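This report describes how two chains are arranged, how they meet, and how selected strands and helices pack. The structure is shown first, and the account follows.

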There are 2 protein chains.
Amino acid sequence: MTALKVSMIVIGDEILSGRTTDLNGSWLSKFLFIAGLEFKALRFIHDDIDEINQALTASLLESDIVITSGGIGPTIDDKTKNTLARFFNKKILERSDVADIVTQNYSQFGRTWAPGHNHYHHFPEDFMATNNPRGLAPGIVYYEKTSNKLIMAGPGVPREFSEIVEKEFFPLIKKYFAHRFQENYQTVIRTKAIAEEKIFFDLCPTLWSDLEVYGKVSSLPHTIGIDIVISYHGSLIDHQKKEADIKNLIMSTPLAEHVWQYGNIPINELALAMAQKKKMSFSFAESCTGGLVSSKITDLSGSSSVFMGGVVSYANAAKIELLNVSSKTIDDHGAVSIEVATEMALGALHKFKTDYAVSLSGIAGPLGGSVEKPIGTVVIGYASKKINGARTFIFPGDRIRKKERFSDMALLTLIELMENKLD
Amino acid sequence: MTALKVSMIVIGDEILSGRTTDLNGSWLSKFLFIAGLEFKALRFIHDDIDEINQALTASLLESDIVITSGGIGPTIDDKTKNTLARFFNKKILERSDVADIVTQNYSQFGRTWAPGHNHYHHFPEDFMATNNPRGLAPGIVYYEKTSNKLIMAGPGVPREFSEIVEKEFFPLIKKYFAHRFQENYQTVIRTKAIAEEKIFFDLCPTLWSDLEVYGKVSSLPHTIGIDIVISYHGSLIDHQKKEADIKNLIMSTPLAEHVWQYGNIPINELALAMAQKKKMSFSFAESCTGGLVSSKITDLSGSSSVFMGGVVSYANAAKIELLNVSSKTIDDHGAVSIEVATEMALGALHKFKTDYAVSLSGIAGPLGGSVEKPIGTVVIGYASKKINGARTFIFPGDRIRKKERFSDMALLTLIELMENKLD
């Protein structure tokens, strides 16, 4: 049984002009993987009849399912619907069943629709229209019986696209290809502070082949370390058994002390969930990350229950004024030091009256490094009512990447602090 | 003269598993657009010989240039080099010229390389090896004379990939296809606080066709409004003339008052550059954005010259303790109010002793809205030595998207404050 193959066509100039990231393609690759479908290709084309035709032809050759995003709105440059109709040689009709769906799409925003507003209800014969749970334009679906292919056109706006694929398109894929699904699972081991080569060549030279017994092995660099991913098909029970076996295997190796998670929960979610479970509050004092640690926590709904706030003390004066860092400590040790990071964490703990606080002071570059403290150095401080201290790390990457790495290491420090792993 | 066509093949499980965003594809689409090349397709494949062969065949059919990313490292699952050699029927040789390039790649990190370390110097005959300005594995290039195709394999790590394409691959593209380049330019008009339909149907119904005289018109939703982009080929002088003409055209329409930039500078860069030029310092007080505004500014090298810091006052207690907001103001008007946002901005101005301060208090959702202050409401406050105040906005989108929109509107508020456009 071969996996169902999916090709995607991204229609519109937004992507081709490079002015936005292709969010829909990234999202779809993730969604398809979890669903056990195979992502074959992603094509970027202009909103142009010939280009849509060519991309459709190529996509239908290599895939069972073709999903397009973009070009289904009401403006002049939205050509997807008419091109699909012509491609499959279907007449465009005024369809009252489609008008009903459009009416419903509008009504979810408290708006009314009338045929004079646009041509959403002009729709190819034999095509299906679907609801658009977060937008107005209906989804466009056609099942081609002879060749057993499914073509589905969704909106380009990412939040509309993901919702229509999940709620409307995926159930149709299941319906038309029910006999060809395979469940897909992953076991993920997340490590820190060790290089890829070190793991597989020095520390555990047989680990890769030992893990291959369970499935396909991948080694994926992450912000603060390497994630090892083992993927396999099977039932949920098989998966749970494999997950336990793999964990036992890893725990018998010297890699175990570098593992910070057996699982695949994003680090900000892990930190927030732990604080919520313990009913403990926390705060941050950030310098080089400039607010990114706080921003990562506040990306999560419900963070206000335990996250009280933070100080972005970019200037030394701000460290002194807002976090009670002593100017003498800065003069004696420099802003990027164990002493200053510790005082920053204590300052945040007291100012925000939280159970825990984590601080960062570092050099994100590209300017500002020295031989003693090269670019990429970050000191991460921590404080609770019982303990306080700081640790130094050095991370590679450009400025943006360093901010990411520093921030995730700060979140891991918060987790370790809550787990009483620091002293 | 048709534009050079490029296809990309992303090799490796990292993308297929949906665990990372395809940074290289997004980056390449942008790079190719600026270079005037056409991005035809992006294929995602496993690090598997058959899949690489199939993707190569398909890519070579539709494009002049094929660029791959991933699978050129030293580990077992790096199969790109050997597969390419077999595809073009070339023997792998031990090559001293490639050993020299590998040695050079290592030396840029202060490391030495020897043939025992790995097989980087085992390289297909007739292929070219290139330097890897940010990594160790050499780039792999083959020019197929008969069909006039160029195949280039780079690393999967984004910072290595972008650098090798820019510094090593692009000069080779220019060399082999010198006669087929076309310069490509864009004029961008960035608007705020007006819907796409409103612009083109109500406010300026002839604008789209008026702009099409100059080139291809696109309308791209951005965080705080709509960007109108006009793309065209021609010389730099043509471009400058068109840009001026388009600006004059827009300024004669009622859309002009919604334009916040004739140009394409990211809003954080625009704000920072303006503050640096004026030698004026600024600070932020953030609630709902949780540090994202500060983080966007500190993404930029050199921001420490004018950005002093910020407070993430997520809890009301933090607003009172760190920003001197009066608890009575919070009780009387609520945390999301003109009064509290104004006091937050004044608090930041005084605490950080800056020339300007901008604050935000809002409801990012999905919880916490009311009829009076629905989810998506944000009050943005501002303060300088001369003036202070606040304005209310409502933005759509999920929590993450709202944080983005709120943050960019705060940066625009800082720009308007520095331009003396607020009172």
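## A hairpin in chain A

Two strands are said to pair if DSSP finds at least two bridges between them. The model discussed here is a predicted one. In chain A, strand β10 (residues 216-222) and β11(A) run antiparallel and are joined by 7 bridges. Within this pairing, L220(A) stands opposite D227(A) in β11(A). β10(A) and β11(A) form a hairpin, with 2 residues between them.

## The four-stranded sheet of chain A

Strand β11 (residues 225-233) of chain A also runs antiparallel to strand β9 (residues 184-191) of chain A, and 7 bridges join them. D227(A) appears here as well, as the bridge partner of R190(A). D227(A) therefore has a partner in each of two strands, since L220(A) of β10(A) stands opposite D227(A) and R190(A) of β9(A) bridges to D227(A).

On a further pairing, β9(A) is joined to β12(A) by 3 bridges, again in the antiparallel sense. There, I189(A) stands opposite Y262(A) in β12(A). Together the strands make an open sheet of 4 strands in chain A, with the order β10-β11-β9-β12 and antiparallel pairing. Its edge strands are β10 and β12 (259-262) of chain A, each of which pairs on one side only. On average, and with direction ignored, neighbouring strands of this sheet are turned by 20 degrees against each other.

## Two helix pairs

What is the angle at which helix α10 (residues 267-278) of chain A and helix α15 (residues 399-418) of chain A pack? The angle is about 25 degrees, and the axes lie 9 Å apart. Because angles under 35 degrees count as roughly parallel, α10(A) is roughly parallel to α15(A). The crossing of α10(A) past α15(A) is left-handed. From α10(A), the residues I267(A), N268(A), L270(A), A271(A), M274(A), A275(A) and K278(A) meet D408(A), L411(A), L412(A), L414(A), I415(A) and M418(A) of α15(A). By class, this contact has 10 nonpolar, 1 polar and 2 charged residues.

In chain B, the axes of helix α2 (residues 23-35) and helix α6 (residues 158-176) come within 9 Å and cross at roughly 30 degrees. This makes α2(B) roughly parallel to α6(B). The crossing of α2(B) and α6(B) is right-handed. In α2(B), L23(B), N24(B), W27(B), L28(B), F31(B) and A35(B) meet P158(B), F161(B), S162(B), V165(B) and F170(B) in α6(B). The contact of α2(B) with α6(B) has 9 nonpolar and 2 polar residues, and no charged residues.

## Relation of the two chains

A turn of 180 degrees with a shift of 0.0 Å along the axis lays chain B on chain A with an RMSD of 0.1 Å. This is the relation of a two-fold axis. The same surface serves both copies, as 100% of the contact residues of chain B recur in chain A.

## The contact between the chains

How many residues does each chain give to the contact? Chain B gives 60 residues and chain A gives 60 residues. On the side of chain B that touches chain A, the largest share, 6 residues, comes from strand β14 (residues 307-312) of chain B. By class, this side of chain B has 27 nonpolar, 20 polar and 13 charged residues.

Strand pairing also joins the two chains: strand β14 (residues 307-312) of chain A pairs with β14(B) in the antiparallel sense over 3 bridges. In this pairing, V311(A) stands opposite V311(B) in β14(B).

Terms used:
Residues numbered from 1 in each chain as written. Chains lettered and ligands numbered in written order. Predicted model: local features only at pLDDT ≥ 70, side-chain atom pairs only at ≥ 80, totals over all residues. Least-squares fit on C-alpha atoms with pLDDT ≥ 70 in both. Contact = placed C-beta atoms within 7 Å. Nonpolar A, V, L, I, M, F, W, Y, C, P; charged D, E, K, R; others polar. Axes fitted to C-alpha atoms, helices over the stretch in contact; angles between N-to-C directions. Parallel < 35°, antiparallel > 145°, perpendicular 65-115°, else oblique. Left-handed = near helix turned anticlockwise from the far one by under 90°.
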